[in-house]
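Got the viewer open? Let's take a walk through this one, a selection at a time.

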Amino acid sequence: MSYEASLAKLPFPLKELVTNARSDTGKTDADKAEVIGWIDKVAVGDAAKAENFQDLDAFLTPRTYVVSNYFTAADVALYGALHPTLSQLQPSQYYATPAITRYFDHIQLKPSVLSAARALSPAFSLVTFDLDSAPKIERKAELPKKKEKPPKPTDQQPQGTENAENVRDTEVSKEGATVSNKEQKPPKEKKEKKEKNKDTGAATQAEGSKKKGGTAPAKKPAEDDGEPVPSMIDMRVGHIVDVKKHPDADSLYIEQIDLGEETGPRTVVSGLVNYIPIERMRDKYLVAICNLKPANMRGVKSFAMVLAATSKDGKEGGIELIQPPPGAKPGDRVYFEGPEYENAQPLSQLNPKKKIFETIQPGFTTLETKEAAWINPDTKSAHRIRTKDGVCVAPTFVGASLS
């Protein structure tokens, strides 16, 4: 079935909304088939049924758009189908299906959708989400597992259990003499147990940072022993799917950034209000630093940092976001060129006490080509910042500092 035939099935005014938004109908044959499939679902009423919301929410959790990684007519059709339900939501209901709420708000703020919706007003009037009145849900940073202390042995504990903690204070040695457990256990047993817990914790963190369609790295995260090196920093491609001004700080934005994680977008707070208009923040692809310790910014916890270039003339000269190369996708790894850095694993989290980022950051700059790079302070060699698809750049700045 053709796109036009599917479009014809949509009721008024939804058909006009999709037509007037003039969005992409698919870049590949597979994408075109998916777009048609979604429009057919919307036409028969399946896509936006309330009983299917949980499944739709799960589907949208790791996604910015329903087809591939770009905006299509399928998004406009789904937005229009969801509008009657989401326009009636109360603040207490926003988080029942958070991925749907986030997705709907992102699509309705697209300039082409705003324009098409205005022409059909009031059918698709802008829905304002009163998030200040919604119940607050705080994304908590993963805490390291605490080592549980074994219970003190007592005379009432059973004998013959498998756990060493449940064995009585005394055991009979092979020679028949009674010796204390402390004397019998080699001192290095505690050390081995500690090392085992350490490895388990690293594996858990690697599992938690899986990307969409990807798997956890085979290598465990790097150790932070020795001198700080740039490869300790975890940088990834991010996509701003939602942005608003901080309610309690005039200079701060609160962004929802898709980093390709199964847990959905991260909340990130950035002090860019005075330098980058909110219109230029929306739908922006950027580079994010993902392993800084989460920071509380005027009551909102920030779980990453966007990488921005500051003019060599200072903030008065402007600030702009570092851009990943064309074709980059949320979650793509960003790394430093050079054999000693390209295949190294970043730390799971930078230790603030060791000042790793603060030591490396002064070497961040943009070259004459506007390409982002790190200059080794010892060798003065330039290591460009890149993904597998190409080098990351500043739109206009040369000799800028990055932070």
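Start with the charged pairs: across the whole structure, which is a predicted model, a search turns up 11 salt bridges. We'll stop at three of these pairs.

Select Asp-24 and Lys-27 to begin. They form a salt bridge, with 3.0 Å between the closest N and O atoms. Colour by accessibility and you'll see that Asp-24 is partly exposed, at a relative accessible area of 26%, while Lys-27 is exposed at 56%.

Now jump to Arg-236 and Glu-261. Here too a salt bridge is formed, and its closest N and O atoms are 3.0 Å apart. This pair links distant parts of the chain: Arg-236 is in strand E3 (residues 235-245), and Glu-261 sits 25 residues away in the loop between strand E4 (253-258) and strand E5 (266-270). Are the two partners buried or exposed? Arg-236 has a relative accessible area of 4%, so it falls under the 20% cut-off and counts as buried. Glu-261 is buried as well, at 3%. Add Asp-234 and Arg-266 to the selection, and you have a network of salt bridges linking Asp-234, Arg-236, Glu-261 and Arg-266.

Third pair: select Glu-337 and Arg-386. Their salt bridge has its closest N and O atoms 2.9 Å apart. Glu-337 lies in the loop between E12 and H11 and Arg-386 is in strand E15 (residues 382-387), so this bridge ties together parts that are 49 residues apart in sequence. Glu-337 counts as buried at 16% relative accessibility, and Arg-386 does too at 17%.

Stay in that loop for two more residues. Pro-346 is in the loop between strand E12 (333-336) and helix H11 (356-360), and it is buried, with a relative accessible area of 18%. Draw a distance from its C-alpha to that of Asn-291: you should get 8.4 Å, for residues 55 apart along the chain. Then pick Lys-355, which also lies in the loop between E12 and H11. Its phi is near 50°, a positive value in a residue other than glycine. Lys-355 is partly exposed, at 46% relative accessible area.

For another positive phi outside glycine, go to Lys-380, where the value is near 65°. This lysine is found in the loop between strand E14 (372-375) and E15. At 61% relative accessibility, Lys-380 counts as exposed.

While you're looking at the backbone, try the cis prolines. Select Phe-12 and Pro-13: the peptide bond from one to the other is cis, with omega near 5°, and Pro-13 is in the loop between H1 and H2. Then select Ser-121 and Pro-122, where the bond is again cis, with omega near 10°. Pro-122 is found in the loop between H7 and strand E1 (170-172).

Next, show helix H5 (residues 73-86) and helix H6 (residues 98-108) as cartoons. Their axes are 10 Å apart, and the helices pack at an angle of about 115°. The crossing of H5 past H6 is left-handed. Turn on side chains: from H5, Asp-75, Leu-78, Tyr-79, Leu-82, His-83 and Leu-86 meet Ile-100, Thr-101, Tyr-103, Phe-104, Ile-107 and Gln-108 of H6. By class, this contact has eight nonpolar, three polar and one charged residues.

Leu-82 is your way into the next stop. The largest nonpolar core has 42 residues, and Leu-17, Val-18 and Leu-82 have the most contacts inside it. Helix H1 (3-8), helix H2 (14-21), helix H3 (29-44), helix H4 (53-60), H5, H6 and helix H7 (111-119) each give two or more residues to this core. Which element gives the largest share? That is H5, with eight residues.

Centre on Val-18. Beyond its neighbours within four places in sequence, Val-18 is in contact with Tyr-3, Leu-7, Leu-10, Ala-73, Val-76 and Ala-77. Apart from this core lies another, of 27 residues, including Met-235, Ile-356, Phe-364 and Ala-372.

Finally, zoom out to the whole protein. The secondary structure comes to 11 helices and 17 strands. Of the 403 residues, 42% are buried. Among contacts between residues at least 6 apart in sequence, 67% join residues at least 24 apart.

Terms used. Residues are numbered from 1 along each chain as its sequence is written. This is a predicted model: local features need pLDDT of at least 70, side-chain atom pairs count only at pLDDT 80 or more; totals for chains, interfaces and linings use all residues. Side-chain values use heavy atoms; hydrogens and water are left out. Helices (H or I, at least four residues) and strands (E, at least two) are DSSP runs, numbered from the N terminus. Buried means under 20% relative accessible area, exposed over 50%, partly exposed in between (1.4 Å probe, protein chains only). Axes are lines fitted to C-alpha atoms, for helices over the stretch in contact, and angles run from 0 to 180 degrees between N-to-C directions. A crossing is left-handed if the near helix is turned anticlockwise from the far one by less than a right angle, and right-handed if clockwise. Contact means heavy atoms within 4.5 Å. Ala, Val, Leu, Ile, Met, Phe, Trp, Tyr, Cys and Pro count as nonpolar, Asp, Glu, Lys and Arg as charged, and the others, Gly among them, as polar. A nonpolar core is a set of buried Ala, Val, Leu, Ile, Met, Phe, Trp, Tyr and Cys residues joined through side-chain atoms within 4.5 Å. A salt bridge is a side-chain nitrogen of Lys or Arg within 4 Å of a carboxyl oxygen of Asp or Glu.
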